[in-house]
Each structure stands twice: as C-alpha cells, then as structure tokens.
Amino acid sequence: MSFETLSQTVIKGDMQAAAELTRKALDDGADAQQILDQGLIAAMDVVGRKFAEGAMFVPQMLRSAKTMQQCVEVLKPHFQGAGMTTKGTIILGTVKGDLHDIGKNLVAMMLEGAGFRIVDLGVDVSPAAFVEAVAKENGQIVGMSALLSTTMPAMAETITALTTAGHRETVKIMIGGAPVTADYATSVGADCYAPDAGSAVTEAKRLLDV
Ligand code: B1M
C-alpha cells in the first residue's frame, strides 16, 4: 500500500483530508505503524527539507505539524496496550527553549502502549521542572526530547540539576530527538539514547529491567 497521497496531504496541511485518509488506510487494513512511518513521519521529513531550502516557512510548517498531530490522534487507539499494569513511571518533556513535541508525543504514546506510566511535562520544560516532577511523581526514568541543536545543551543542564538535587543515583536518563546522537548521550552522562519511539520502548524496558 502506498501512503504517498497521505504524505502529500500532510505536507499541504489539509487537516480534514489527511485525517480521513488515515481513517481510510486503517479501514483498508493498513498497519498503523506503517501509516505512521511511511505516511506521516515521511511527510515531516519532506517538510523539514523544504523549510531548510527556503521553500516552506514557519506558518506552513506549523500547519503540517498540526495535520500530522490530528492523524496521530486517529492512529492512537491502535497503539494502546490493553493491560493496566505499570512497568514504571517516566517523566517526559521537551527541553527548555524547545517547542517541538510531535516526536515526544509519539514516544509518550508508544511507552504508554507498552505499559509505562507517563508524566508528560509538555514543551519548554526547565531543569527545575524535571527535578520537581521526579520528586513528586516518583519517576524512575527522565526522558528528554530536543529538536534544535541550540536546545541540546539544556539536556546537560537538566542532568546537572538532577545530580545536584540528589536524584541521579535513583533515576535513569533517556534522551532523543533528531539532532541527538548516542555519542552526545554519552558525553552528557545520559544512560541511553533512543533514535525513535520504538527504540525508546526497548531502551526503557532495558533500563528498568522489565
Ligand atoms: Co522546527 N525545526 N523550528 N518547527 N521543525 C526542525 C527541527 C529543523 C530541523 C527544520 C530544518 O531546518 N530542516 C530545524 C532545526 C535545525 C537545528 O537546530 N538542527 C527547525 C527550526 C530551525 C525551527 C525554528 C527555529 C524555526 C524558526 O522559528 N525560524 C522554530 C523553533 C521553535 C522552538 O522550538 N523554539 C521551529 C518551529 C517549528 C514549528 C513550531 C513550526 C513545528 C513544531 C510543531 C510541533 O512540534 N508541535 C516545527 C516542525 C514541525 C519541524 C520539523 C519540520 C518536523 C519535526 C517533527 O515533528 N518531526 C523539523 C524537521 C525535521 O525534523 N525533519 C523541524 C517528526 C517527528 C516524528 O520526528 O521529532 O525527530 P522527531 O521524533 C522522533 C525521533 O527523533 C525520536 O522519536 C521520534 C519518533 O520516532 N525522539 C525521541 C524524539 N524525541 C525523543 C525522546 C526520546 C527518544 C526518542 O527519549 C526521551
């Protein structure tokens, strides 16, 4: 099955048509993961390329992002697990200064589907807010997302804040986002890097041994 028309609709930012195409693809028997990877994430890659080339601007990029988010809402029930058991609590957020949340939301959705309890702090999350949430929610993993090279240093700041607050021994740290790498994770003292939402689940299970 080709998801080219869906991708084009997301790139154009036609919210209604994209949501309908997503529903139709599901009705036609397409796999939700394939729709996500080949239809939606592929579209955002094109949007990013066009933006970098100056062929698309922030308002259009935002519209495409909103369109993708609507489609993800349609797919969401297909990723949710049936069990109510909690494998552990994960405090998740996009770091300070960064407003990108599509990837972070996908990570949240997959982790939730795999049985983790997610405390999603949203975007532009300060190191202090991560620290506060770990204490209040008894978090076992802190998951940070960054999409801008300029906001990646906030990951290191947050790890320092967690260490200063005395949480570093009890909490594991996972980081991800398009500009983040495994080497970067090692250099800032994170416990792991996950390149995509699926790997985030694998890594979270490994970190908590569940
Ligand atoms: Co922005 N933006 N953006 N943007 N944007 C990028 C990131 C950019 C690469 C585009 C480009 O130039 N080609 C570029 C960053 C360059 C850089 O620093 N390297 C960029 C820029 C420059 C900007 C602005 C500065 C533009 C401006 O204002 N001049 C501005 C910054 C605003 C801010 O944050 N302070 C800006 C704004 C925006 C919008 C608001 C318009 C919108 C975001 C809307 C939203 O998120 N609600 C937007 C968008 C949509 C993008 C692109 C096109 C798409 C991002 C996306 O959603 N990808 C992006 C180009 C691109 O990435 N191709 C771009 C799809 C998503 C599923 O992938 O987020 O990578 P991703 O998540 C993946 C993995 O990375 C991983 O799993 C996810 C699912 O598989 N992952 C994790 C993510 N977090 C993880 C955490 C984990 C583990 C895995 O553990 C905890």
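These exercises, each with a worked solution, read the fold, the sheet and several single residues of a predicted model.

Residues are numbered from 1 along each chain as its sequence is written, and side-chain values use heavy atoms, with hydrogens and water left out. In this predicted model, local features need pLDDT of at least 70 and side-chain atom pairs count only at pLDDT 80 or more, while totals for chains, interfaces and linings use all residues.

**Exercise 1. The overall fold**

Task: state how many helices and strands the protein has, and give their sequence from the N terminus.

Solution.
- Step 1. Count the elements. There are 9 helices and 5 strands. Helices (H or I, at least four residues) and strands (E, at least two) are DSSP runs, numbered from the N terminus.
- Step 2. Put them in sequence. The run is α-α-α-α-β-α-β-α-β-α-β-α-β-α.
- Step 3. Check the overall size. The radius of gyration is 17 Å, close to the 17 Å from the globule rule for 210 residues, so the protein is as compact as a globular protein of that length. The radius is taken over C-alpha atoms, and the rule is 2.2 Å times the number of residues to the power 0.38.
- Step 4. Add the box. Along the principal axes, the C-alpha atoms fill roughly 50 × 45 × 25 Å.

**Exercise 2. Surface, burial and charge**

Task: find what share of the residues is buried, and what area the protein exposes.

Solution.
- Step 1. Take burial. Of the 210 residues, 46% are buried. Buried means under 20% relative accessible area, exposed over 50%, and partly exposed in between (1.4 Å probe, protein chains only).
- Step 2. Take the surface. About 10,400 Å² is exposed, and carbon and sulfur atoms supply 53% of it. Areas come from the Shrake-Rupley method with a 1.4 Å probe; for residues, only the protein chains shown count as cover.
- Step 3. Take the contacts. Among those between residues at least 6 apart in sequence, 72% join residues at least 24 apart. Contact means heavy atoms within 4.5 Å.
- Step 4. Take the charges. The mean positions of the 17 positive and 24 negative charges lie 2 Å apart. Lys and Arg count as positive, Asp and Glu as negative; His and the chain ends are not counted. Each charge is placed at NZ of Lys, CZ of Arg, CG of Asp or CD of Glu.

**Exercise 3. The sheet**

Task: give the strand order, then trace the bridges across the sheet.

Solution.
- Step 1. Write the order. The open sheet of 5 strands reads 2-1-3-4-5, with parallel pairing. Two strands pair if DSSP finds at least two bridges between them.
- Step 2. Mark the edges. Strand 2 (117–120) and strand 5 (192–193) each pair on one side only.
- Step 3. Start at strand 2. It is joined to strand 1 by 4 bridges. Thr-89 has Arg-117 of strand 2 as its bridge partner.
- Step 4. Move to strand 3. Strands 1 and 3 share 5 bridges. Here Gly-93 stands opposite Met-144.
- Step 5. Go on to strand 4. Strands 3 and 4 are also parallel, with 5 bridges. Met-144 has Ile-175 in strand 4 as its bridge partner.
- Step 6. Finish at strand 5. Strand 4 (residues 172–176) pairs with strand 5 over 2 bridges. Met-174 is matched with Cys-192.

**Exercise 4. Faces of two strands**

Task: decide whether the faces of strand 1 and of strand 3 are covered or open.

Solution.
- Step 1. Recall the rule. In a regular strand the side chains alternate between the two faces of the sheet.
- Step 2. Sort strand 1 (residues 89–94). Thr-89, Ile-91 and Gly-93 lie on one side, and Ile-90, Leu-92 and Thr-94 on the other; all are buried.
- Step 3. Sort strand 3 (residues 141–145). One side holds Ile-141, Gly-143 and Ser-145, the other Val-142 and Met-144, and all are buried.
- Step 4. Conclude. Both faces are covered in strand 1 and in strand 3.

**Exercise 5. Single residues**

Task: place Thr-22, His-100 and Asp-124, and classify the accessibility of each.

Solution.
- Step 1. Thr-22 sits in helix 2 (residues 15–27). At 0% relative accessibility, Thr-22 counts as buried. Beyond its neighbours within four places in sequence, Thr-22 contacts Leu-6, Ile-35, Cys-71, Val-74 and Leu-75.
- Step 2. His-100 lies in the loop between strand 1 and helix 5 (102–113). With a relative accessible area of 38%, His-100 is partly exposed. Its contacts beyond four places in sequence are Thr-94, Val-123, Leu-147 and Leu-148.
- Step 3. Asp-124 is in the loop between strand 2 and helix 6 (127–137). At 42%, Asp-124 is partly exposed. Its phi is positive, about 55°, although Asp-124 is not a glycine.
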